[in-house]
Structure formats: structure tokens, C-alpha cells
Amino acid sequence: MPVTERRITTALAALVPLLVLVLLGMFVTVPYVAVGPGDTADTLTTYAERGADGEVTDRKVITIDGLPVHQPAGQLRFTTIAVTDGLNLYGALGKWISGAQIAPRDAYYPPGATREQIEEGNREQFTGSESSATVAALRYLKIPTAIGVVGLSQGGPSEGKLREGDVLESVDGAPVTATEQVAAALQGKKKGDVVTVAVRRADGAAQVPVTLGESEGKPRLGVVVGQVPADPKVHIGFGVQQVGGPSAGLMLTLGIIDLVEPGDLTGGRTVAGTGEISSDGRVGPIGGIEHKLQGAKRDGASVFLVPAANCDVAKSSPPDGLQLVKVDTVDGAVQALADVREGRPAPSC
């Protein structure tokens, strides 16, 4: 073989592994995700939400009926993280160069779960935080609550019959004053039995017949039972649809309080924050605090409410000009905001 041909053959042989690497980098998905600051939204106004079709819709974050409300000054923004999945090698490298955190996919998505299952789980968590935020805010505002319907199973036996916000009076004649009494009233019954559910609604009392379904071998109404306003004319709703997880709970709670109570919590400031909320007003820790701080600063916040358990991470690299305020309860958060508003020292990380 002539020298020139040998050189060409050698060069081509050397290029083949390189070409294979290039193709692998382009088409093979790596088991990592890119994590960074996500959207923030003012709970006191609207959120520009992009749907699956790409269309942007302005949705009112909190709606309140049956109570006097006003528009407070300032903003109370919940924060999110952005997780980018399905990265190839070059995509992951590009995200890393741009400053995003690269993390194992299993840290954010359960192994084997489909994207639809993950999104549904995140949405259920967000719905749960909405319910807990409602109860926590009502308790802070000293508005009476009762046992009622806080959710309906899609396609379940009560869909189209019972309504979210229904105050439960009795199930098949058994009075309901605690959540566990609903299941107790169904003991001894079976799928296909018809029970009468007595409810109070904004348009009056109703006796609603429901044909029982079944789940895990037990008769079910197909409802989620929890605390609702005792006055059925009072209704608190939420418009955000594409956000998942429980971490907006604290800011949703404060948003409800600020819309109902006279005055304003922020003193005209842009306040951001995060934290899971329980119905009794306790603030729990969340993940991704460092990314949420960056998103808050980017969107103009000067104060950030940090769950006490997240303080060590939050104070390790806070953005310049962002005051970190430590909170562990709703009452503590309201008091801390009063301290900031009045220029007093507030609990800090």
C-alpha cells in the first residue's frame, strides 16, 4: 500500500472513535438533570403560566369569595426551582458551564417513574399545600372551620355529585365532626351501596345520594376529607396549575392573610420565601433553597423568608442585598414581617 493511502487509512481509523464519541454525546441521554432558579410568583396578584401548548395565561394565584378582601401593597412571592431532564452529554456540559447545578436524576425523579407519574405526584403535593395553607390561614384569621370536601377523585363515585367546599353534616345518618367519622360511617357497606351525604353549600343544604365505589377492598366515596370554612359561602381557591411540590405553602398562607387582613404585611416591599406548611401553621424545610434565593433576588426581592431548618444552607452563600429572615410558624412569619416593616431586628439565619 502506498504511503499516502496508509496515511489516509490511519487518519480515518483514528476518526472513527471520535465520530462515535460525537454521536454518543449528541444522542445518548445522561442520567443527570440540571437544576437552577425557577419562576417566582406574587401570591397577591397573578402568575403568567405557560401551558403544555406554549400559550401563556395570566392566572390569579389566590381567589377569595365570601370575605372582604383588599389589594395590599408590596409582593409576597413563592419561589420554585427549574429542573431540566433529558440532557445529552453536550446539553449537560452546556448547563454546567452556564452555572446550573448538575445532579443525579434519581435525586429528583423516582427511578422507574414516568414523567406523567412524576408530574401527577408533584401536582398532588401542591394541591395538598393549598389545602393546608387554607386551613392555616383560616385558623390565624380566627375564621371557623368544619369537616368538608377538599378534593374529589377524578372519575370517582362522588364526581358530579359532591363539590369541593361542601360542609359535611352526616353520612348515611351518622354525624360528621371529625375526618375519621366519614370512613367509620361506611363500615359494613360495600361497593354499589347507596349512601346519603348531607351537606351545607352556599346555595343551601342538600341530601346527596352517592353510589359507593371501592379502593383497596374498602368502600369509598371518592373524596378527600379535611377542614373547610364552616360558612359554605366562604371559598378560597387557587389558580396556579403547572407548579408542583409542597414548598409554596407558607407563601400561599401569608397571601391569604394579607388579602383579608387590613393593612399589608410587607410594608410595600417585595418579599419572597418558601416552606412547607402544616394545617396548624408549622413551617417545614424544603429542597433547593440556594436556587430559590437566586430566583428571588433576580425577581426583585429584598427579603426572603427561610424555614428555620434550611438556615444553615441558606446563609452559606446568600445573594447580596437579600435579607434572610428565619421562620418556623405562620405566627412567627407574620411577626417577623412586622419587625422588618417597622425597622426592628427580625429573626435571621
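## Burial, contacts and helix packing in a predicted model

A248 is buried, at 3% relative accessibility. This residue sits in the loop between strand 15 and helix 5. The structure is a predicted model. Leaving aside neighbours within four places in sequence, A248 is in contact with F78, F126 and G275. A248 and T274 are 26 residues apart in sequence, and their C-alpha atoms are 5.7 Å apart in space.

The protein chain has 349 residues, of which 41% count as buried. Its secondary structure comes to eight helices and 20 strands. Among contacts between residues at least 6 apart in sequence, 70% join residues at least 24 apart.

**The loop before helix 5 and residue T274**

V243 lies in the loop between strand 15 (235-238) and helix 5. Its relative accessible area is 9%; V243 therefore counts as buried, the cut-off being under 20%. V243 and I81 are 162 residues apart in sequence, with a C-alpha to C-alpha distance of 10.0 Å.

T274 belongs to the loop between strand 16 (270-273) and strand 17 (276-277). Is T274 buried or exposed? T274 is buried, with a relative accessible area of 0%. Its side chain reaches the backbone oxygen of S247 at 3.3 Å. With neighbours within four places in sequence left aside, the residues in contact with T274 include T79, S247, L250 and M251. The list also holds I286, I289, K292, F304, L305 and P307.

Two of these contact partners of T274, I289 and K292, are among the buried residues of helix 6 (residues 289-298). The buried set of helix 6 is I289, H291, K292, L293, G295 and A296. Just after helix 6, G300 takes a positive phi of about 95°.

**Helix 5 against helix 8**

The axes of helix 5 (residues 249-260) and helix 8 (residues 330-342) come within 11 Å and cross at roughly 65°. The crossing of helix 5 past helix 8 is right-handed. On the helix 5 side the contact is made by L250, T253, L254 and I257, and on the helix 8 side by V330, A333, V334 and L337. What is the make-up of the residues in this contact of helix 5 with helix 8? Seven are nonpolar, one is polar and none is charged. L250 of helix 5, which takes part in the contact with helix 8, is also in contact with T274.

**The aromatic pair**

The count of aromatic pairs comes to one. The rings of Y47 and F78 have centres 6.3 Å apart and planes at 65°, so the pair is edge-to-face. It links distant parts of the chain, with Y47 in strand 2 (residues 46-50) and F78 in strand 5 (residues 75-84), 31 residues apart. Y47 is buried, with a relative accessible area of 9%. F78 is buried too, with a relative accessible area of 1%. F78 is also in contact with A248.

**Positive phi outside glycine**

Two residues other than glycine with positive phi are set out here.

| Residue | Phi | Loop | Relative accessible area |
|---|---|---|---|
| K142 | near 60° | between helix 3 (115-141) and strand 7 (145-152) | 73% |
| D172 | near 55° | between strand 8 (167-171) and strand 9 (174-175) | 35% |

With its relative accessible area of 73%, K142 is exposed. D172, at 35%, counts as partly exposed.

**V150 in strand 7**

V150 is found in strand 7. Its relative accessible area is 22%, and V150 is therefore partly exposed, since buried means under 20% and exposed over 50%. V150 and G128 are 22 residues apart in sequence and 9.3 Å apart in space, C-alpha to C-alpha. Which residues are in contact with V150 when its neighbours within four places in sequence are left aside? They are S131, E164, V224, V225, G226, Q227 and V228.

How values were computed: Residues numbered from 1 in each chain as written. Predicted model: local features only at pLDDT ≥ 70, side-chain atom pairs only at ≥ 80, totals over all residues. Heavy atoms only, no water. Axes fitted to C-alpha atoms, helices over the stretch in contact; angles between N-to-C directions. Helix = DSSP H or I, 4+ residues; strand = E, 2+ residues; numbered from the N terminus. Left-handed = near helix turned anticlockwise from the far one by under 90°. Contact = heavy atoms within 4.5 Å. Nonpolar A, V, L, I, M, F, W, Y, C, P; charged D, E, K, R; others polar. Buried < 20%, exposed > 50% of the residue type's maximum accessible area, 1.4 Å probe, protein only. Polar contact = N/O pair within 3.5 Å; in protein donor to acceptor, adjacent residues only side chain to side chain. Phe/Tyr/Trp six-rings, centres within 6.5 Å; stacked < 30°, edge-to-face > 60°.
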